Amino acid sequence: MACQQFDLVADHLEIPEAERGRLKYPKRSMTVALPIHLDNGTTAVFSGYRVQHHLTLGPTKGGLRYHPDVMLGEVAALAMWMSWKCALTGLPYGGAKGGIACDPNKLSKSELERLTRRYTQEMIPFIGPQVDVMAPDLGTNEQIMAWMMDTYSMHEGHAVPSIVTGKPVGLGGSLGRREATGRGVGYLVNRATDALGLDMNKCRTVIQGYGNVGSVAAFSLARNGAKIIAVSDVNGGIHNSNGLDLWKLEKHIAENKTVAGFPESEPVTNEQLLLLPCEILVPAALERQITEANAAKIKCRILAEAANGPTTPEADVILNQRPEVFIIPDILCNAGGVVVSYFEWVQDLQSFFWGETEVVDKLFRILETAWTQILNLSRKQKIPMRLAAMSLGVKRVQEAKKVRGLFP
Ligand code: NAD
């Protein structure tokens with residue numbers, strides 16, 4: 001998917017064949033075997049991955065994912081998207097992504113800690129605050145980042161908070177980092193409703209994946225007047241056409257660890273949920289959810305891609321024939337996370353920390369600039385929002401590579 005999208009952009013930008021390979025192939029791809037002791041006394045070996053896409057503009061930056069389906073190809077695609085996302089928002093980073101093929105829900109806390117520390121140890125030759133900086137993604141959180149920071153710091157002999165972002169605030173994390181991605185989604189959906197002349201108070205919203213990003217986006221959109229009518233997680237979805245009470249849902253999740261079974265709602269599968277009539281549809285879970293099979297059937301006005309890669313290139317072809325569906329492409333829609341990760345890294349390097357208002361204000365300013373540039377380009381060249389966003393990102397990396405030249 002990432003390569004297909006890149007080829008389309010490269011054709012659009014008329015990038016010479018000789019330059020395409022440099023932009024496309026990842027600089028470093030690592031696979032590591034991670035043996036750990038399980039609580040039952042046996043030993044298990046997990047597979048870990050890290051892909052650093054390009055190192056032209058600074059260190060690489062990208063999340064770490066714990067999910068059973070993680071594999072090198074997926075991580076490489078996610079790393080490439082991170083490169084365009086960072087370039088698009090003007091961050092001095094290349095893209096990276098990492099992951100461990102595991103089900104974090106089936107591991108105890110101590111097993112997760114041993115796995116995280118072993119992965120960090122294996123990655124030490126390839127990471128560093130000026131080399132590659134990790135962050136949370138699907139299935140990972142602040143605690144995982146704290147263990148990574150500790151493992152790296154023990155190796156260095158002093159505390160190195162800038163080795164990861166998305167840490168607990170007490171360890172050098174940034175205020176507003178946990179909420180940043182979902183908050184950014186809320187901000188950009190708001191801008192899209194303005195652009196389309198939609199009244200937020202009349203917007204029914206459906207969210208697939210009620211995790212960190214999905215839940216924060218839900219509260220952010222609800223605060224702006226939208227009605228959240230359906231949400232889901234890995235166990236299934238819930239639907240109430242009169243709107244879900246998000247505070248009651250929070251209590252239900254705290255007690256049951258899932259949205260499924262929420263009393264004031266009807267159950268709905270993840271597949272059905274994507275087809276519910278609504279104004280705002282937010283996929284916030286996994287890749288490849290909007291496909292050739294359902295792209296013609298989704299019934300939203302705004303498709304806000306909070307997840308990475310939720311729409312396949314085949315689905316894009318169908319959606320490009322449906323001008324009534326406005327797409328906020330993933331590399332813009334979920335960029336809030338990496339922008340505040342960048343703020344966290346900057347704060348750690350200078351050991352000087354900002355208040356939350358300053359963080360949110362700076363975040364919205366960066367998103368506003370990117371939003372305006374992409375919307376203008378899309379309208380001016382009459383191209384889809386995804387192509388506009390990717391063009392901006394790819395062009396910046398291409399120009400940087402050109403002026404740096406080819407070593408040796
Ligand atoms: P998370 O682990 O906090 O939440 C993921 C949610 O998706 C959970 O509710 C999980 O149950 C649900 N889910 C998993 N498999 C599912 C399935 N098959 N169907 C429906 N729901 C399913 O992860 P997150 O940090 O919220 O990340 C969500 C998405 O956002 C990912 O695609 C991630 O790459 C992207 N993203 C996250 C950040 C960030 O800052 N956390 C930044 C940019 C992009």
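Let's start with cysteine 3: its relative accessibility is 39%, so it counts as partly exposed. Keep in mind that what you're looking at is a predicted model. From that one residue, we can work outwards to the rest of the protein chain.

**Cysteines**
- If you go hunting for disulfides through the whole structure, you'll find 0.
- Cysteine 3 has no disulfide partner, and the nearest cysteine sulfur belongs to cysteine 86, 18 Å away.
- A disulfide needs two cysteine sulfur atoms within 2.5 Å, so 18 Å rules out that pairing for cysteine 3.
- Cysteine 86 isn't in a disulfide either; its nearest cysteine sulfur is that of cysteine 333, at 16 Å.
- Cysteine 86 has 0% relative accessibility, so it counts as buried.

**Overall build**
- The protein chain is put together from 14 helices and 12 strands.
- Its radius of gyration is 21 Å, close to the 22 Å that the globule rule gives for 408 residues, so the chain is as compact as a globular protein of that length.
- Measure along the principal axes, and the C-alpha trace spans about 55 × 55 × 40 Å.

**Inside and contacts**
- Buried residues make up 56% of the 408 in the protein chain.
- Take the contacts between residues at least 6 apart in sequence: 67% of them link residues at least 24 apart.

**Surface and charge**
- About 17100 Å² of the protein chain is exposed, with 54% of that coming from carbon and sulfur atoms.
- There are 43 positive and 42 negative side chains, and the centres of these two sets sit 4 Å apart.

Technical notes: Residues numbered from 1 in each chain as written. Predicted model: local features only at pLDDT ≥ 70, side-chain atom pairs only at ≥ 80, totals over all residues. Heavy atoms only, no water. Helix = DSSP H or I, 4+ residues; strand = E, 2+ residues; numbered from the N terminus. Rg over C-alpha atoms; globule rule 2.2 N^0.38 Å. Buried < 20%, exposed > 50% of the residue type's maximum accessible area, 1.4 Å probe, protein only. Contact = heavy atoms within 4.5 Å. Areas by Shrake-Rupley, 256 points an atom, 1.4 Å probe, with all protein chains shown as cover. Lys, Arg positive; Asp, Glu negative; His and termini not counted. Charge placed at Lys NZ, Arg CZ, Asp CG, Glu CD.
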